[in-house]
Every structure is written in C-alpha cells, then in structure tokens.
Amino acid sequence: MAGRFEPRPAVTRTTTRGGEVAVPAPVPAPRAAARPPAGRERRYVPPGPLDLGLVLGPLRRGPADPTFRTTPDGSVWRATRTPAGPGTLRVAARDGAVHAEAWGPGAEWLQEQLPALLGESDDPDAFEPRHRLVADTHRRRPGLRLTRTGLVMESLIPSILEQKVTTDEAYRAWRLLVRKYGEPAPGPAPERMYVMPEPRTWALVPSWEWHRAGVDNKRASTILRAVRVARRMEEAAAMDPEAAQARLELIPGIGPWTSAETVQRSNGAPDAVTVGDLHLPGIVGYALAGDRNADDAAMLELLEPYAGQRHRAARLILLSGRVPARRQPKMPRHDIAAL
C-alpha cells in the first residue's frame, strides 16, 4: 500500500481555527492540457499584500469540504449559492494581481463581490498590536485580510453543525449532507465539488438522514428554523455586525457563539470575538497572560485593548502557534448514527 496515496497535510487545531489553508505555488499548465470552458473573467489588483490561504481559509469546513478546494496550479475553488443561483469561483494570485473566473447563474454576482470576498472592505491599518506575540504574528502575516462573503446561510448552517461537537463530527456532517442534497458545482470545477442545498431542500431532509450524518435533533431543528426564514437571515449580511448578530440570535438555538462565527465570514466583522468556545479562552489567556484556565470574561478583558479589532487579534493569536500543551485526551466522538 505504500506510495499509493499522497500524505495528507498536517492540520492542527490552531491552523484550523486560525483560518489558514495551504495554497500551492502556481505552476504552468502542461501545453497539451485542454482549456476548460471559459467563464466570466476578472482581474483584481488588491490594495496591499494578500494571502489567499489566509483570507479564504475560514470558508473551508475541513480538508474534504465539497464546497472548497485548492489545486496544484495555485488556484482556490469555491462553490456557493448566491442570490442569483449556484456559482463556482476560481481565484489565483499571480504577478501581484488576482485572476478570477466564475461559472453558473451566480457567476456575475460572484465577480461583483470579488473585492469584498478578498478583504477590500477590511482595514488592516486600523489594527494596532499591543502585545509582542501579536505584533510578531502581525508582521509575519502581512497578507491577512478579513473576508466578507455577503452570504449568511452558507456560514450559518455549518456553524450550527459545529455546536458542541468535535470539528471532525461537524465536518463529516457538512460533507455528507452537501454531497447528498446539494448540486454539482457549475463549470469545470474539480471532481466532487458541490453547491450547498437551497433552503427548501434543507427543509425537506428526512429526520433519519440527519441521524445518519451524526446530527442530533437539537442542531437539526435549529437549522430547520433558520432555513424557514432564510431570506430574512440573508438580509443580515447588509447590516452592521452587532445588528446582524442580534437578528441571527432571534432564532432559538442560535447564540453568541454561532452568530459570531457567522458574521465573521458573512460580514467581515473585525470585532466579532467568539465567546462560549471550549478552547479559545484558554488559548488567548495562555498566549497573552500565561493563564491556560482563562474563561470568557478573562479573555474579553485581555482583548479589551483591541476593541473594534478583537476578532483579528484572536486570529493572529491562533496563527502564532502559541497554545497550551494538552493535559487530557481529546473530546470523544459520539457517533449517533450507530445508535
């Protein structure tokens, strides 16, 4: 069996939560390779340094996410459901510019939203490091910008799936449900890429399929309540982050953790710090004050100097790699599909 499979890249809790994705360096395509069907093209010059892996990394839900892919030619592929319909976007950075191509009914919308997706509305200069660790990471990661997708449901549903379970369980549920009920990504997307289901399709997923995917009734019911008012949820993308979180939290089962994880992506919210997380307070406390037992209150106190930019500060801390050593086994997986 040796040599049949390429080794999988190492993925740690820190790189996953820090939102970093390895994007291969661009390589020229072989001359004999057939050119894929042309899509809607755009060339975008970012206002400053841009690291596609850091900017778009938070949109990937696990290494096998069917809506997100990186390819050896240095491209990042993204399949999503836009207000105009399903669409596929491919972006690649070359010669100081980003070259984007889109396919499907949502192609035009994706190209219009490209600058926001790549962090043009973000202002990294507004961030002022207050700790040496944060300053060092900020200097080493000049290409970090906060993405703004303008799409709520594509971030809300997987965030609900991640409530109170391991990331492996949540990623598996997202992967199984999108592949079974989504639709193939338009255009010449890599194999097995899918666009997530539309709200009505989510509402029609049978109870036993949620169970097979390992999703308990509480999380499934929260998703069903959200998709029934999907249009109102999507309106939150145009609101300021605080108002957007307030609207999302009107749905029973959606609290501050889920709303923050959503608006960080949909609204590009630089101050939407995640509270109620199992690991983040201890990581922030350990990195900034040597306190691995910090709770949410202690974390917010430590991040107070970064008011207005607390989410960016938390990401930089996660990307620094300074995390407390593990003292106990990982949280056990509970496969309810086996019950």
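**Figure 1. Asparagine 267 and its reach to backbone oxygens.** In this predicted model, a polar atom of the asparagine 267 side chain lies 3.1 Å from the backbone oxygen of methionine 239. The asparagine 267 side chain also reaches the backbone oxygen of alanine 236, at 3.0 Å. Where along the chain does asparagine 267 sit? Look for asparagine 267 in the loop that runs between helix 13 (256-266) and helix 14 (280-289). Asparagine 267 has a relative accessible area of 5%, so this loop residue counts as buried. Setting aside neighbours within four places in sequence, the residues in contact with asparagine 267 are Arg148, Ala236, Ala237, Met239 and Ala244. Met239 and Ala236 thus appear in this contact list, and their backbone oxygens are the ones described above for the asparagine 267 side chain.

**Figure 2. Aspartate 296 in helix 15.** Here we move to aspartate 296, which belongs to helix 15 (residues 296-303). Is aspartate 296 buried, partly exposed or exposed? Its relative accessibility is 24%, so aspartate 296 counts as partly exposed. A polar atom of the aspartate 296 side chain lies 2.9 Å from the backbone nitrogen of glycine 276. Not counting residues up to four places away in sequence, aspartate 296 touches Val275, Gly276, Asp277 and Pro281. For a sense of scale, take glycine 282: 14 residues separate it from aspartate 296 in sequence, and the two C-alpha atoms are 8.8 Å apart in space.

**Figure 3. The open, antiparallel sheet.** Five strands make up this open sheet, and they run in the order 1-5-4-3-2 with antiparallel pairing. Strand 1 (40-44) and strand 2 (68-70) stand at the edges; each has a single partner strand, so one side of each has no neighbour in the sheet. From one strand to the next, the twist averages 20 degrees. As a reminder, strands of a sheet pair through backbone hydrogen bonds, in either a parallel or an antiparallel way. At one edge, strand 1 pairs with strand 5 (residues 97-103) in the antiparallel sense over five bridges. One pair to pick out in this view is arginine 40, whose bridge partner in strand 5 is alanine 102.

**Figure 4. Strand 4 and its two hairpins.** How much of strand 4 (residues 85-94) is buried? Strand 4 is mostly covered, with eight of its ten residues buried. Strand 3 (residues 75-82) pairs with strand 4 in the antiparallel sense, and eight bridges join them. Within this pairing, serine 75 stands opposite alanine 92 of strand 4. Two residues lie between strand 3 and strand 4 in the hairpin that they form. Strand 5 also pairs with strand 4 in the antiparallel sense, over seven bridges. Follow alanine 93 across to valine 98 of strand 5, which stands opposite. Strand 4 and strand 5 form a hairpin too, with two residues between them. In that turn, aspartate 95 has a positive phi of about 55 degrees.

**Figure 5. Helix 10, its cap and its cover.** Start at the N-terminal end of helix 10, which aspartate 216 caps: a side-chain oxygen of aspartate 216 lies 3.0 Å from the backbone nitrogen of lysine 218. The twelve residues of helix 10 (residues 217-228) should span 16 Å at 1.5 Å a residue, and the end C-alpha atoms are indeed 16 Å apart. Which residues of helix 10 are buried? They are Arg219, Ala220, Thr222, Ile223, Leu224, Ala226 and Val227. The cover over these buried residues includes helix 6 (153-161), helix 8 (199-203), helix 9 (207-212) and helix 11 (230-234).

**Figure 6. Helix 7 from end to end.** Helix 7 (residues 167-181) has 15 residues. From first C-alpha to last, helix 7 reaches 21 Å, close to the 21 Å expected at 1.5 Å a residue. Its buried residues are Glu169, Ala170, Tyr171, Ala173, Trp174, Leu177 and Val178.

**Figure 7. The close-ups set in the whole chain.** Stepping back, the protein chain holds 16 helices and seven strands. Of its 339 residues, 49% are buried. Among contacts with a separation of 6 or more, 69% come from residues 24 or more positions apart. The chain exposes about 16,700 Å², with 52% of that supplied by carbon and sulfur atoms.

Definitions and conventions
Residues are numbered from 1 along each chain as its sequence is written. This is a predicted model: local features need pLDDT of at least 70, side-chain atom pairs count only at pLDDT 80 or more; totals for chains, interfaces and linings use all residues. Side-chain values use heavy atoms; hydrogens and water are left out. Helices (H or I, at least four residues) and strands (E, at least two) are DSSP runs, numbered from the N terminus. The expected span of a helix is 1.5 Å times one less than its number of residues. Buried means under 20% relative accessible area, exposed over 50%, partly exposed in between (1.4 Å probe, protein chains only). Contact means heavy atoms within 4.5 Å. A polar contact is a pair of N or O atoms within 3.5 Å; within protein, one must be able to donate a hydrogen and the other to accept it, and residues adjacent in sequence count only if both atoms are side-chain atoms. Accessible areas come from the Shrake-Rupley method with a 1.4 Å probe; for residues, only the protein chains shown count as cover. Two strands pair if DSSP finds at least two bridges between them. Axes are lines fitted to C-alpha atoms, for helices over the stretch in contact, and angles run from 0 to 180 degrees between N-to-C directions.
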